[in-house]
Structures are given as C-alpha cells and as structure tokens.
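Subject: Structure for your files, with notes

Hello,

Here is the structure for you to look over. My notes on what was found in it follow below.

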Amino acid sequence: MSMKVESPEVADIKANLAQVTEQIDQLVQQSRRPQGSVRLLAVSKTKPLSALSAAYEAGQRAFGENYVQEAVEKYHALSHLTDIEWHFIGPIQSNKSRLIAETMHWVHSIDREKIARRLSEQRIEGLPPLNVCIQVNISGEESKAGIALSDVDGMVALIKTLPNLRLRGLMAIPAPQESHAAQCAVYAPLVEAFVDLSKSDSMIDTLSIGMSGDLAAAIESGSTMVRVGTAIFGERDYSAKA
Ligand SMILES: *Cc1c(COP(=O)(O)O)cnc(C)c1O
C-alpha cells in the first residue's frame, strides 16, 4: 500500500465528497427513488486545480464551472485526465460562446435563442453533440437568469432543430427560501414541466436542481443532477478573482 502523505486540503475534499455522496444516497432512499438516479456535479468555480485533482482522485468525474475563461483554462490544464466531463453552468455572453462550444460536454445555462444557435454552429466537427439544459427562472423578478416557464416549449422546439445540440432537460437556481417546504413549493411547477417533457422525449432525462443549501428539497422533488460546490470544496473566496 502506498503511504503518500496528503495535504489537509486533499484529505478534506475527499472526506467532504464521501459525505455528500452518502447524503445523496440517503436522500434518494428516503424519497423512494432508485439508487443512482441522482448524479453529483462538483462545482469547482474559483477553486484551484489542486482541488479538482483531489476530487478526481477520489473518483469524481463531472465538474461544473461558471466563468468561461476559468473553465477553459482548467479544461486545458487537466486535459491529461481524459475522462473528466466538463459542465458549464454560468451566464453566457455571445462573444464567449465559441470557447464553450469547443471544450465543454454540457451547458446547463441556455436561456437565449441566440446562444443556442451559436453553440450549435460553433461546435467542432467530430465532437459529439453538446448536451444542454434550458435554464428556467422559477423565482420571478428576484433572478434575471433563465426563461419563463411559459417560454420553455418554444425553446425546446428551437433546440430540437439545432443539429449539434442534444437537449437533456431543465435547470434552475431558485432564490433562497426559508424552509424545506418552501423550497419544494418553488420547485413544483418546474418539476411538472420536466415530467411532461421527459414523457414526450426519452432523451430528456436531466433535471438540474439542488445546491449545497437545498439538496434534500431538490432530491425529494425529483432532481437527477445536483450541483454542489461549497459542501465539497469549502467556502469560495471571490476576493482573489479579477
Ligand atoms: C455556485 C453554483 C452552484 C454551487 O453552489 P453551492 O452553494 O456552493 O453548492 C450550483 N449551481 C450554480 C449555477 C452555481 O453558480
């Protein structure tokens, strides 16, 4: 057995990852859902490469990033880890869409026709289609990102015409709520829309909801992919970012 000495950071990340995975398994069981029906996306924005490597060593493969430049730098720096799955989950400016189309495996934050069209046009030949989720604004005026639930059908129809995108589902970032019940209530209309969509198209299998603060409500509501940052990597320090 190797006796490699790990830094405290690496040991913490591995322990946190094990704890979050255990928590997800328990919540899945409590919700009487099949084991393995909720994937864990490790949200590594603002965190150094060493943190991603530690999570990778512990078996984590799917990573989520919010900032295009940072995402692409990490993608190149870790290109030797060929089975990492890169998910872009942040706002997208149209002048940055090419970088995303050329590197990422998934985009969760599609909320404009123009961005969807550009990502499809800019996807490199030979790469598989880009997996995408439509970001839905379920908190009304409190959040600017995402389209209204009533506009989802139109966006679904558009994305289905784009050859290099593969529509996988819906994503949302709700405004913080005070209770578990309130968290579930905010998710309810989104869940209903997702269930309808997934019945009409077997490729639509992803409901991207749940973060460190509302895992229980999200999994109980039917999340198939939770996006967890803080509970794995610790608090983020934005002061270090330009
Ligand atoms: C930062 C972020 C997360 C992770 O949030 P935590 O509270 O740190 O778990 C998830 N989804 C999106 C879109 C984010 O920007």
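A polar contact here means a pair of N or O atoms within 3.5 Å. That cut-off is used for the ligand, which comes next. Please keep in mind throughout that this is a predicted model.

**Ligand site**

The ligand occupies the space of the largest pocket. Around the ligand are 13 residues, and the closest of them are Lys-45, Asn-66, Ser-212, Thr-230 and Arg-236. Ser-212 places a polar side-chain atom 2.5 Å from a ligand oxygen, which falls within the 3.5 Å limit. Arg-236 likewise has a polar side-chain atom at 2.7 Å from an oxygen atom of the ligand. For Asn-66, an N or O atom of the side chain is 2.7 Å from a ligand oxygen. Of the 390 Å² that the ligand exposes when taken alone, the protein buries 90%.

Asn-66 sits in the loop between strand S2 (62-65) and H3. Its relative accessible area is 14%, so Asn-66 counts as buried, the cut-off being under 20%. That value takes only the protein chains as cover. To place Asn-66 against another part of the chain: Leu-170 is 104 residues away in sequence, and the two C-alpha atoms are 17 Å apart in space.

**Salt bridges**

How many salt bridges does a search of the whole structure find? The count is 8. In general, side chains of opposite charge can pair when their charged atoms come close. Three of the pairs are described here.

Glu-57 and Lys-14 form a salt bridge through their side chains, at 3.2 Å from N to O. This pair ties together distant parts of the chain, with Glu-57 in helix H2 (residues 49-57), Lys-14 in helix H1 (residues 8-30), and their positions 43 residues apart. Glu-57 has a relative accessible area of 47% and so is partly exposed. Lys-14 is also partly exposed, because its relative accessible area is 21% and the buried class requires under 20%.

Glu-70 and Lys-74 make a salt bridge at 2.6 Å, N to O. Both belong to helix H3 (residues 68-77) and are 4 residues apart, about one turn of the helix. Are these two side chains on buried or exposed residues? Both Glu-70 and Lys-74 are buried.

Arg-168 pairs with Asp-205 in a salt bridge whose closest N and O atoms are 3.0 Å apart. Here too distant parts of the chain are linked: Arg-168 is in strand S6 (residues 165-171), and Asp-205 is in the loop between helix H7 (180-200) and strand S7 (206-208), 37 residues apart. The partners fall in two accessibility classes: Arg-168 is buried, with a relative accessible area of 17%, whereas Asp-205 is partly exposed at 36%. Shared partners also produce a network of salt bridges, in which Glu-65, Glu-70 and Lys-74 are joined.

Asp-205 has a further partner. Its side chain makes a polar contact of 2.8 Å with the side chain of Thr-206. Thr-206 lies in strand S7 and is buried, with a relative accessible area of 3%.

**Helix H2 and backbone angles**

Besides Glu-57, there are a few points on H2. Its buried residues are Ala-51, Leu-52, Ala-54, Ala-55 and Tyr-56. Just after H2 comes Gly-59, with a positive phi of about 105°.

Where do positive phi angles occur at residues other than glycine? Two cases are listed here:

- Arg-32 has a positive phi of about 55°. Arg-32 is in the loop between H1 and strand S1 (39-43), and its 78% relative accessibility makes it exposed.
- Thr-46 has a positive phi of about 70°. Thr-46 is in the loop between S1 and H2.

If you open the model, the ligand contacts of Asn-66, Ser-212 and Arg-236 can serve as a starting point. From there the notes move to the salt bridge of Arg-168 and Asp-205, and then to the one joining Glu-57 in H2 to Lys-14 in H1.

Regards

Methods: Residues numbered from 1 in each chain as written. Predicted model: local features only at pLDDT ≥ 70, side-chain atom pairs only at ≥ 80, totals over all residues. Heavy atoms only, no water. Salt bridge = Lys/Arg side-chain N within 4 Å of Asp/Glu carboxyl O. Helix = DSSP H or I, 4+ residues; strand = E, 2+ residues; numbered from the N terminus. Buried < 20%, exposed > 50% of the residue type's maximum accessible area, 1.4 Å probe, protein only. Near = heavy atom within 4 Å. Polar contact = N/O pair within 3.5 Å; in protein donor to acceptor, adjacent residues only side chain to side chain. Areas by Shrake-Rupley, 256 points an atom, 1.4 Å probe, with all protein chains shown as cover. 1 Å grid on protein atoms, 1.4 Å probe; cavity = no way out; pocket = protein on both sides within 12 Å on 5 of 7 lines; lining within 4 Å. Sits in = over half its atoms within 2 Å of the grid points.
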